[in-house]
Amino acid sequence: MRTKIKILGGLFFLFSAIIPGASHSQQFSMDDSGYLGREQEVQSPMSEDFSSTRLLPEFKQEMRRREQETESANGRAHYIKDWVHGGTIDETLKSHPLIYSPEGLNLPDRKKQIESAFLFSLNGQTRPLEECIQRAIETHLPLEIAAQRQRISATRIRVALRELFPELELEYKNDKGSNTTGTFKGRSWRVNGRQPIFRGGQLWNAFREERENFKSAAKEHDETLNEVIFKVSEAYLNLHRAQKILIERSEINKIAIRWRDVSLQKSRAALISEVERLNVEAIYYEQMAQLEIARQDIEIARLELQHWLNLEVPNEIQVADFYDLPTLMKDETFITSLGAEQGGGAARENVKSLDDYIQLAYVSRPELELNVHRVKANQYAELAERGAWLPNVDLIAEVGQLFEVATHIDSAPKFGSFGDEKEYRFGIEGNYNFLGSTVKAEYDNTHNAPNLTSFAGGGEGTTRRETTFSIALLDNLEQFADTEEAQVETKEAIQELQEAEKQVIEDVKNAYYDYHKARLELISLLRRLDHRERLTKLAEVRLEKNEIQISEYLQSLIDLTSDRIQMHRSISDFFIAKARLNRAVGIQNLLTVEDLYA
């Protein structure tokens, strides 16, 4: 349907400058000068045929560009469906314009990730919050890194524990050589052992340090998990809110379009004033702008959720609907639960105070336990550095067998009697860092089997007892710095613990107050929304009696829509506040996020 209207020339430029995307839903016809004439024809907003509309060249180009983007988006949607039903992942990686797959990088899991993302968002099906959280847990790379760090810490515990036990070394040697008597052959085997006797507590404290690091890594994983669950819940609820707002904006936009057509007809019949028609036009364009903003908001919210779910840009995802607003407003259980804390007796039995939540956070918040374990680990590291100033004593033991035989006597020699060819060594080694100088003392009791020369002379090997003493002047001055650095790291860990404690208390208080603020705002909006619906019904009756203008009736509908949108935002804030309180306390399911009841 085409109608003739009178409109000011600058209105189109104001609208097109503020709302570039509105050209999808509304098109204007202009003369060659670029201004709307007083009797220009305007295409109906419900029409989709733009071929007969006379537009400025720049505006035509913009419309063509937007139509091409729409066609490209539709093409990508069909491409995704084709890919799911029979395409290949290699073709997708090479040809899809919105999938980043850089050349020269070895990403072995890239194909699996893309396939999983497409299957998760197949046909844009609705996903509940639990499935989105589960997907985020399975695909979130920092969470996988935190789990791997935990496994690394477990390995380091085994390494530190191993240092407490004896060191064993097995050695086998096959020799060939010559001397003045001719060529000879020889073989030997040896078992070397070293057992720390006293290390000033360094080994034991190193083991305890790694054990605390393992507990810290476990809590770091829990902290990352807690953050992922909250971020996914927040992004999910923001997308749900954006969907609700888009529905509300679409409904009021349909109403504005219908009453705008009525206003144009009345204006053509001179039944309303020019001011009234312009008021209706302004309301119409404002709703078009709000609708476009709602569409943009839903895309931004979806992009945030895609980020946390590790989905590709083309992966459309819809969230499940939690509630129906008209039904919710009549739900007495919901209304009663919101005001539970204002009641008494049984109504307050299950209500926790701020101190209760703070106590729960002290017990369950991963950040606090993480920093507690870090402080302990640094304290043990400091004790280990102090132990480096104490004497270190090791027990040494070696046992083996050696023989050498001239080849003209025996060309294929073998090991003989162990008693004739035995070798052994027993001793004690000690060192001490004295003011930066390393003092070493060693006692050895060594027996060497006869070699070829002593055997030829009738020898039976040699036995030697040695005592060695040495000092290296100022070779270990860095131990002073290492000890001081360990003390500083301990103090820094304590400071981080104190800051974490303050942050946890602040998080709990903010989440607690946000939760109750959202609850009180819901109570206020429930009362105001009921009053606004009554005013809208009254405005409708007055419009039927011609007591008010169309613009006044539309304004009452807009006010009702604004309150309904604010209600959706408050419900979303209520959900997010519960998720934030769960995160602040450190208990994932303390409050059910999707549960409307306080």
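Biologist: Leaving aside its neighbours within four places in sequence, which residues is Val232 in contact with?

Modeller: The model is a predicted one, and the contacts of Val232 beyond four places in sequence are with Leu129, Cys132, Ile133, Ala136, Leu305, Trp308 and Leu309.

Biologist: How should I place Val232 in the largest nonpolar core, and how many residues does that core have?

Modeller: The largest nonpolar core has 64 residues. Val232 is among those with the most contacts inside it, together with Leu305, Leu309, Val508, Met567 and Ile571. Two of these, Leu305 and Leu309, are also direct contacts of Val232.

Biologist: Which elements give two or more residues to this core?

Modeller: They are helix H5 (129-139), H7, helix H8 (274-309), helix H9 (325-329), helix H10 (332-338), helix H11 (354-364), H15 and H16. A separate, second core has 12 residues, including Val280, Ala539, Ile548 and Tyr553.

Biologist: Ser556 touches that second core's Ala539; is Ser556 buried or exposed?

Modeller: Ser556 belongs to helix H16. Ser556 counts as buried because its relative accessible area is 13%, under the 20% limit for that class. Outside its neighbours within four places in sequence, Ser556 is in contact with Thr536 and Ala539.

Biologist: Let us turn to charged pairs. How many salt bridges does the structure hold?

Modeller: The structure holds 33 salt bridges. In reading one, I consider the distance, the elements that carry the partners, and the exposure of each partner. Arg190 and Glu171 form such a pair, with the closest N and O atoms 3.6 Å apart. This pair links distant parts of the chain, since Arg190 lies in strand E5 (residues 182-198) and Glu171 in strand E4 (residues 167-179), 19 residues apart. Arg190 is partly exposed, at 23% relative accessible area, and Glu171 is partly exposed as well, at 25%.

Biologist: Which elements do Arg241 and Asp573 link, and how many residues apart are they?

Modeller: The side chains of Arg241 and Asp573 meet in a salt bridge at 3.5 Å, N to O. Arg241 is in helix H7 (residues 202-268) and Asp573 in helix H16 (residues 550-585), 332 residues apart, and the pair thus links distant parts of the chain. Arg241 is partly exposed at 22% relative accessibility, and Asp573 is partly exposed at 33%.

Biologist: Where do Lys517 and Asp514 lie?

Modeller: Both lie in helix H15 (residues 478-544), three residues apart, which is about one turn of the helix. Their salt bridge has its closest N and O atoms 3.9 Å apart. Lys517 counts as exposed because its relative accessibility is 53%, whereas Asp514 is partly exposed at 26%.

Biologist: Which residues are joined into one network by salt bridges that share partners?

Modeller: That network is made of Arg194, Arg199, Asp394, Glu398, Arg425, Glu429, Glu442 and Asp444.

Biologist: How many bridges join strand E8 to strand E9, and how do these strands run?

Modeller: Strand E8 (residues 422-434) and strand E9 (residues 437-448) run antiparallel and are joined by 11 bridges. They form a hairpin with two residues between them, and Leu435 in the turn has a positive phi of about 55°. E9 is also joined to E10 by 11 bridges, and that pair runs antiparallel.

Biologist: Which residue of E10 is the bridge partner of Tyr443?

Modeller: The partner in E10 is Thr467. In E8, Ile428 stands opposite Tyr443 of E9. For reading side chains here, the general idea is that they alternate between the two faces of the sheet in a regular strand.

Biologist: Which residues make the nonpolar surface patch of about 820 Å²?

Modeller: The patch is made by Tyr432, Phe434, Leu435, Ile471, Leu473, Leu474, Leu477 and Phe480. Leu435 is thus shared with the hairpin turn. Leu474 sits in the loop between strand E10 (462-472) and H15, and Leu474 counts as exposed because its relative accessibility is 52%.

Biologist: Finally, how many helices and strands are there in the protein chain?

Modeller: The protein chain has 16 helices and 10 strands. Of its 598 residues, 41% count as buried. Among contacts between residues at least 6 apart in sequence, 74% join residues at least 24 apart. The accessible surface comes to about 33,300 Å², and 52% of that belongs to carbon and sulfur atoms.

Methods:
Residues are numbered from 1 along each chain as its sequence is written. This is a predicted model: local features need pLDDT of at least 70, side-chain atom pairs count only at pLDDT 80 or more; totals for chains, interfaces and linings use all residues. Side-chain values use heavy atoms; hydrogens and water are left out. A salt bridge is a side-chain nitrogen of Lys or Arg within 4 Å of a carboxyl oxygen of Asp or Glu. Helices (H or I, at least four residues) and strands (E, at least two) are DSSP runs, numbered from the N terminus. Buried means under 20% relative accessible area, exposed over 50%, partly exposed in between (1.4 Å probe, protein chains only). A nonpolar core is a set of buried Ala, Val, Leu, Ile, Met, Phe, Trp, Tyr and Cys residues joined through side-chain atoms within 4.5 Å. Contact means heavy atoms within 4.5 Å. Patches are made of residues with over 30% relative accessible area and no salt bridge: like charges are joined within 9 Å, nonpolar side chains (Val, Leu, Ile, Met, Phe, Trp, Tyr) within 5 Å. Accessible areas come from the Shrake-Rupley method with a 1.4 Å probe; for residues, only the protein chains shown count as cover. Two strands pair if DSSP finds at least two bridges between them.
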